[in-house]
Amino acid sequence: QVQLMESGGGSAQPGGSLRLPCAASGSINSLNAMGWYRQTPQHARELVAVMRRTGTIDYGVSVKGRFTISRDNAKNTVYLQMTGLMLEDTGVYFCVAASTTYWRPTVPPSHHPMEYWGKGTLVTISE
């Protein structure tokens, strides 16, 4: 089992920045992928960014070029650096992960179900 704990949510103005950390605990060595999904008022849950053990990164179309995912292996933590925030980025951001046995390389990351979910952290972008 893996537990995921998000933090860093809050409010920002359009054009601003926020950083979301996610700390993982439990069977960390089993993980193949960690990243972020979000649920916004406009859309169902959508991929924000996912990083695989190999270092391969996939970003959602709406955040590419504005958000950056990174990881600190020593802290078992992934980060989502969000810049150029827009009103449409408002939503609940979920840390997600999938183990090596769960991950299917033939399935596009944007469509791949995630095995573990954090409780989510709220991000609000407003004038």
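This note sets out points on the nonpolar cores, the disulfide, one sheet and one loop residue of a predicted model.

1. The largest nonpolar core holds 27 residues, and those that touch the most other members are Leu4, Met34, Trp36, Leu80, Met82 and Tyr93. Two or more residues of this core come from each of the strands E1 (2-6), E3 (18-26), E4 (31-39), E5 (46-52), E7 (67-72), E8 (77-82), E9 (91-99) and E11 (121-125). Among these contributors, E3 gives the most, with four residues. As background, nonpolar side chains in soluble globular proteins tend to be buried together.

2. Met82 can serve as an example from that core, since it is one of the residues that touch the most other members. When neighbours within four places in sequence are left aside, Met82 is in contact with Gly16, Ser17, Leu18, Leu20, Arg66, Phe67, Tyr93 and Val123. Another core, of nine residues, lies apart from the largest one, and its members include Phe94, Val96, Ala98 and Met114.

3. A search of the whole structure returns one disulfide, in which Cys22 is joined to Cys95 with an S to S distance of 1.9 Å. The angle about the S-S bond is -85°, and the link is left-handed. Because Cys22 lies in strand E3 and Cys95 in strand E9, the pair ties together parts that are 73 residues apart in sequence. Both Cys22 and Cys95 are buried.

4. Four strands, in the order E1-E3-E8-E7, form an open sheet with antiparallel pairing. E1 and E7 are the edge strands, each of them pairing on one side only. On average, and with direction ignored, neighbouring strands of this sheet are turned by 20° against each other. Within the sheet, the antiparallel strands E3 and E8 are joined by six bridges, and Leu20 stands opposite Leu80 in E8. Leu80 also appears among the core residues that touch the most other members, while Leu20 is one of the contacts of Met82.

5. Arg45 is found in the loop between E4 and E5. Its relative accessible area is 42%, so it counts as partly exposed, given that this class falls between 20% and 50%. Apart from neighbours within four places in sequence, Arg45 is in contact with Tyr37, Arg38, Gln39, Phe94 and Trp117. With Gln39 there is a polar contact between the two side chains, at 3.1 Å. Phe94, another of these contacts, belongs to the nine-residue core. Between Arg45 and Ile69, by contrast, the C-alpha to C-alpha distance is 18 Å, with their positions 24 residues apart in sequence.

Methods. Residues numbered from 1 in each chain as written. Predicted model: local features only at pLDDT ≥ 70, side-chain atom pairs only at ≥ 80, totals over all residues. Heavy atoms only, no water. Core = buried A, V, L, I, M, F, W, Y, C linked by side-chain atoms within 4.5 Å. Buried < 20%, exposed > 50% of the residue type's maximum accessible area, 1.4 Å probe, protein only. Contact = heavy atoms within 4.5 Å. Disulfide = S-S within 2.5 Å. Pairing = 2+ DSSP bridges. Axes fitted to C-alpha atoms, helices over the stretch in contact; angles between N-to-C directions. Polar contact = N/O pair within 3.5 Å; in protein donor to acceptor, adjacent residues only side chain to side chain.
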